[in-house]
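Reader: I have just opened a structure that is new to me, and I would like someone to walk me through it. Could we take it piece by piece?

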Amino acid sequence: MTTETELTAADLRLLAEAGGMAPSLHNSQPWHFRPTPDLRGLEVHADLSRAVPAADPDGRALHISIGAAVFNLRVAAAHLGREAVVQLLPNGAGTQPRAVLGLSAPLRTPQPFGADLYPAIPRRHSSRHPFTNRDVPEALVADLITAARDEGVTLTVLEEHGMRRVLALTSEAEARIAADVTREAETHRWLRLEPSCDGIPLAALGSHDRDAHLPMRGFAGHPPRHTTPAARFEALPQIATLTTHFDGQSDWLRTGQALERVWLLATVHGLRASVLHQAVEIPDTRWRLRDPAEGPAHVQLVLRLGYGPPGAASPRRPVSQVLDLPEG
Ligand SMILES: Cc1cc2nc3c(=O)[nH]c(=O)nc-3n(C[C@H](O)[C@H](O)[C@H](O)COP(=O)(O)O)c2cc1C
């Protein structure tokens with residue numbers, strides 16, 4: 001076990017590989033990792049050349065993606081026997097780095113996340129396949145809620161009426177996004193850069209019940225490679241939201257950490273997930289996503305959960321492109 005020692009090149013590579021496997025909007029991977037000058041920690045910078053400004057003008061999704069990478073770094077640090085002491089936005093909002101992890105102390109508790117999440121990092125994939133109609137067991141839902149809460153974020157698995165409301169708003173947003181030429185051009189640019197996004201089913205897919213229409217992210221104008229018959233999708237999708245009390249960059253970074261913590265725990269239990277982001281990309285549909293009964297809350301992300309095929313691995317930038325290795 002490593003104690004009070006500098007990070008080696010091998011440690012840095014392992015950390016950067018884990019961080020780089022996080023989910024991100026359009027697989028944009030908008031992060032860059034840099035060891036601290038004393039080599040006892042790691043800075044996480046936003047790579048603004050990989051921002052997605054039409055879909056994400058405020059950088060909310062960018063920060064969520066970076067937050068997910070930060071969580072993977074925490075899991076990888078635990079795997080190396082190091083305690084991760086995380087500071088978000090150490091120099092204030094809008095400045096670099098977006099997070100810094102102090103990694104010099106030995107791990108205090110052997111299983112800081114309640115389960116060994118490290119093997120789940122490369123196994124977690126977005127699954128946009130049809131799921132079965134099997135419900136997520138209540139005990140697992142409770143564990144996922146606790147995992148999000150430990151990151152300061154609320155996970156709510158919606159009842160049927162909430163699910164229908166959120167899917168209707170997602171469909172509305174999907175249609176509005178498809179009609180927006182600037183967004184479509186941006187999406188197509190990412191499709192060319194990151195062909196992994198091609199794996200996203202392109203047609204809007206529906207379930208057995210037209211009201212519970214399941215609007216998987218579509219890319220209008222691109223003929224679908226694989227269309228999945230609507231009838232094969234689950235009848236009542238299990239939809240969850242991640243919400244926060246406030247709506248600043250640190251809340252977005254926390255949401256990303258919660259997203260990845262929930263997703264890795266789900267992966268450990270064979271539960272699949274995908275993100276339905278359309279409705280949070282448009283201010284008025286995002287506002288209408290809020291459940292007024294829940295009190296003030298900002299919806300950061302909509303997740304679809306269920307049992308089915310795991311989803312395919314999508315490509316990542318090589319470590320050499322996301323990590324500054326110290327010279328020598
Ligand atoms: C903020 C955010 C928004 C996302 N939005 C969508 C979406 O609307 N539809 C979708 O299918 N996937 C969405 N994703 C998932 C990414 O497309 C996915 O993480 C990326 O392509 C990498 O693939 P992987 O999750 O299988 O590693 C989103 C991910 C993040 C972090």
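Author: What follows is a walk through the sheets, the helix packing and a few local details of this model, which is a predicted one.

Reader: Let's start with the strands, then: in what order do E1, E2, E3 and E4 lie in their sheet?

Author: These four strands make an open sheet in the order E1-E2-E4-E3, and their pairing is antiparallel. Strand E1, at 31-35, and strand E3, at 85-88, stand at the edges with a single partner strand each, so one side of each has no neighbour in the sheet. From one strand to the next, the twist averages 20 degrees.

Reader: How many bridges join E2 to E4?

Author: Strand E2, residues 41-46, is joined to strand E4, residues 99-102, by four bridges, and the two run antiparallel. To give one position, Glu-43 has Val-100 in E4 as its bridge partner.

Reader: And which helix packs on that sheet?

Author: That is helix H2, residues 60-79, which touches E1, E2, E3 and E4, and whose direction makes about 165 degrees with that of E2.

Reader: Okay, and the other sheet, what is the order of its strands?

Author: The order there is E5-E6-E8-E7, again as an open sheet of four strands with antiparallel pairing. Strand E5, at 154-157, and strand E7, at 272-275, are at the edges, and each has a single partner strand, so one side of each is left without a neighbour in the sheet. The twist in this sheet averages 30 degrees from one strand to the next.

Reader: Over how many bridges do E5 and E6 pair?

Author: E5 pairs with strand E6, residues 238-244, over four bridges in the antiparallel sense, and within these strands Thr-156 stands opposite Thr-241 in E6.

Reader: Which helix lies across E5, E6, E7 and E8?

Author: Helix H6 does, and it runs at about 10 degrees to strand E8, which spans 298-306.

Reader: So how do H2 and H6 cross?

Author: The axes of H2 and H6, the latter being residues 249-268, come within 6 Å and cross at roughly 50 degrees. The two helices are therefore oblique to each other, and H2 passes H6 in a right-handed crossing. Among the residues making the contact are Ile-64, Phe-71 and Val-75 of H2, together with Trp-252, Leu-259 and Leu-264 of H6. By class, the residues of this contact divide into ten nonpolar, seven polar and four charged.

Reader: Does H1 come into this too, or rather, at what angle do H1 and H2 cross?

Author: Helix H1, residues 9-20, and H2 cross at roughly 140 degrees, with axes that come within 7 Å, and this crossing is right-handed as well. The contact involves Leu-14, Leu-15, Ala-16, Ala-18 and Gly-19 of H1, which meet Ala-69, Asn-72, Leu-73, Ala-76, Ala-77 and His-79 of H2. These residues divide into eight nonpolar, three polar and no charged.

Reader: And H3 with H6, what is the angle there?

Author: H3 and H6 pack at about 150 degrees, their axes being 8 Å apart, and that makes H3 roughly antiparallel to H6. H3 passes H6 in a right-handed crossing. On the H3 side the contact has Asp-143, Leu-144, Ala-147 and Ala-148, and on the H6 side Ala-258, Arg-261, Val-262, Leu-265 and Ala-266. The classes here are seven nonpolar, no polar and two charged residues.

Reader: Changing topic: how many aromatic pairs does a search of the whole structure find?

Author: The search finds one. The ring centres of Phe-71 and Phe-113 are 4.9 Å apart and the planes lie at 65 degrees, so the pair is edge-to-face. This pair links distant parts of the chain, since Phe-71 belongs to helix H2 while Phe-113 is in the loop between E4 and helix H3 (138-149), 42 residues apart.

Reader: Last thing, about the backbone: which peptide bond is cis, and where is Pro-97?

Author: The bond from Gln-96 to Pro-97 is cis, with omega near -10 degrees, and Pro-97 sits in the loop between E3 and E4. Most residues other than glycine have a negative phi, and most peptide bonds are trans.

Reader: What about the phi of Asn-27?

Author: Asn-27 has a phi near 55 degrees, which is a positive value in a residue other than glycine, and Asn-27 is found in the loop between H1 and E1.

Key. Residues numbered from 1 in each chain as written. Predicted model: local features only at pLDDT ≥ 70, side-chain atom pairs only at ≥ 80, totals over all residues. Heavy atoms only, no water. Pairing = 2+ DSSP bridges. Axes fitted to C-alpha atoms, helices over the stretch in contact; angles between N-to-C directions. Contact = heavy atoms within 4.5 Å. Parallel < 35°, antiparallel > 145°, perpendicular 65-115°, else oblique. Left-handed = near helix turned anticlockwise from the far one by under 90°. Nonpolar A, V, L, I, M, F, W, Y, C, P; charged D, E, K, R; others polar. Phe/Tyr/Trp six-rings, centres within 6.5 Å; stacked < 30°, edge-to-face > 60°.
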